[in-house]
Amino acid sequence: MAAFPLKKVELQTDVYMTCLQHALSTERFEVMGLLLGDTVNGVANIIAVIILRRLDKKRDRVEISPEQLTEAVNEAERLTEVLERPVRVLGWYHSHPHITVCPSRVDVRTQASYQLMDIGFVGLIFSVFSESKESKEQEISLTCFQSHNDEAREIPLEIVYTPIISKICLKTMTDLLKILVQEEEEMAKTYKNHQDILASIHNNAVRTRSLVHITDIITKPLVLTFEKRIALNKLRAAHLRRQLQELQKVCNG
């Protein structure tokens with residue numbers, strides 16, 4: 001539990017990328033995850049996230065089951081051992097597709113209930129698939145908040161540059177694909193072997209369309225992103241090798 005009131009949140013860029021990938025995975029339903037890291041003197045440093053599998057798809061809210069929260073605590077303990085630094089559950093994030101980034105009354109009440117367990121617990125909201133009134137282009141907004149007297153109180157947020165994607169975030173990004181497919185398969189089971197053959201055909205078509213959507217929206221862009229990062233890393237490595245050779249020539253000369 002945090003010993004100081006929360007003053008600021010530092011979000012690493014690879015974590016931001018992971019959360020944003022999750023938020024952009026669907027524009028029909030809200031998605032949710034948990035934030036991991038450590039808080040020192042009122043400053044929360046978020047270094048990892050846990051993507052939560054949706055128990056029920058809803059347009060306007062998401063929920064955390066007790067089992068998922070327990071799994072998150074266990075994962076934080078595992079990362080504490082692996083990274084040899086304190087790691088715990090610091091907060092939660094969720095998306096607002098097609099609506100403002102401002103926390104709803106439900107968000108504020110949910111956040112307040114979490115703060116009863118930990119005064120430093122924080123919430124992030126990603127507003128995605130929203131259109132700018134001026135430019136008519138889609139824009140992404142992010143807010144960081146806590147609950148205070150039944151109102152949302154904005155917390156200063158800094159996105160901290162990280163030159164590489166950590167193994168933890170890389171695994172989370174790839175796990176997202178598995179989670180989304182698992183959600184679709186579980187939903188398909190509830191409609192399996194429908195007595196009406198037309199309904200059965202329709203349900204199978206919806207399942208197939210959903211799986212294709214995951215491939216087009218998540219898998220392909222992720223692969224392209226990693227391919228570009230590999231190409232960029234090769235260029236950087238070549239540049240560093242040339243610099244090393246020049247330095248060696250100066251030293252030998």
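How many aromatic pairs does the structure hold? The count is four, and they make a handy way into this model, which is a predicted one.

Let's start with Tyr16 and Phe126. Their rings form a tilted pair, with 6.0 Å from centre to centre and 40 degrees between the planes. What makes this pair fun to look up is that it links distant parts of the chain: Tyr16 belongs to helix H1 (residues 13–23), Phe126 to strand E5 (residues 122–131), and 110 residues separate the two. The partners also differ in their cover. Phe126 counts as buried because its relative accessibility is 0%. Tyr16 comes out at a relative accessible area of 23%, so it is partly exposed, since buried means under 20%. The two have company, too, as Tyr16, Tyr93 and Phe126 form one aromatic cluster.

Another of the pairs is Tyr114 with Phe121, again tilted, at 5.0 Å centre to centre and 45 degrees between the planes. Here Tyr114 is buried at 12% relative accessible area, and Phe121 is buried as well, at 5%.

Now back to helix H1, where Tyr16 sits. This helix is mostly covered, with eight of its eleven residues buried. Among them are Asp14 and Val15 on one side of Tyr16 in the numbering, and the run from Thr18 through Cys19, Leu20, Gln21 and His22 to Ala23 completes the set.

Strand E2 (residues 32–40) tells a similar story: it is mostly covered, and eight of its nine residues are buried. So which strands does E2 pair with? One is E4 (residues 88–97), which runs antiparallel to E2 over six bridges. If you want a spot to check on screen, find Leu36, whose bridge partner in E4 is Val89. The other is E3 (residues 43–51), also antiparallel, this time over eight bridges. There, Gly33 stands opposite Ile51 of E3. E2 and E3 make a hairpin with two residues between them, and Asn41, in the turn, has a positive phi of about 50 degrees.

Finally, take a look at the surface. Ile197, Leu198 and Ile201 form a nonpolar patch there, and together they have about 350 Å² of accessible area. To find the patch, go to helix H5 (residues 197–252), which is where Ile201 is found.

Note on methods. Residues are numbered from 1 along each chain as its sequence is written. This is a predicted model: local features need pLDDT of at least 70, side-chain atom pairs count only at pLDDT 80 or more; totals for chains, interfaces and linings use all residues. Side-chain values use heavy atoms; hydrogens and water are left out. Patches are made of residues with over 30% relative accessible area and no salt bridge: like charges are joined within 9 Å, nonpolar side chains (Val, Leu, Ile, Met, Phe, Trp, Tyr) within 5 Å. Accessible areas come from the Shrake-Rupley method with a 1.4 Å probe; for residues, only the protein chains shown count as cover. A salt bridge is a side-chain nitrogen of Lys or Arg within 4 Å of a carboxyl oxygen of Asp or Glu. Helices (H or I, at least four residues) and strands (E, at least two) are DSSP runs, numbered from the N terminus. Buried means under 20% relative accessible area, exposed over 50%, partly exposed in between (1.4 Å probe, protein chains only). Two strands pair if DSSP finds at least two bridges between them. Rings of Phe, Tyr and Trp (its six-membered ring) pair if their centres lie within 6.5 Å; planes under 30 degrees apart count as stacked, over 60 as edge-to-face and the rest as tilted.
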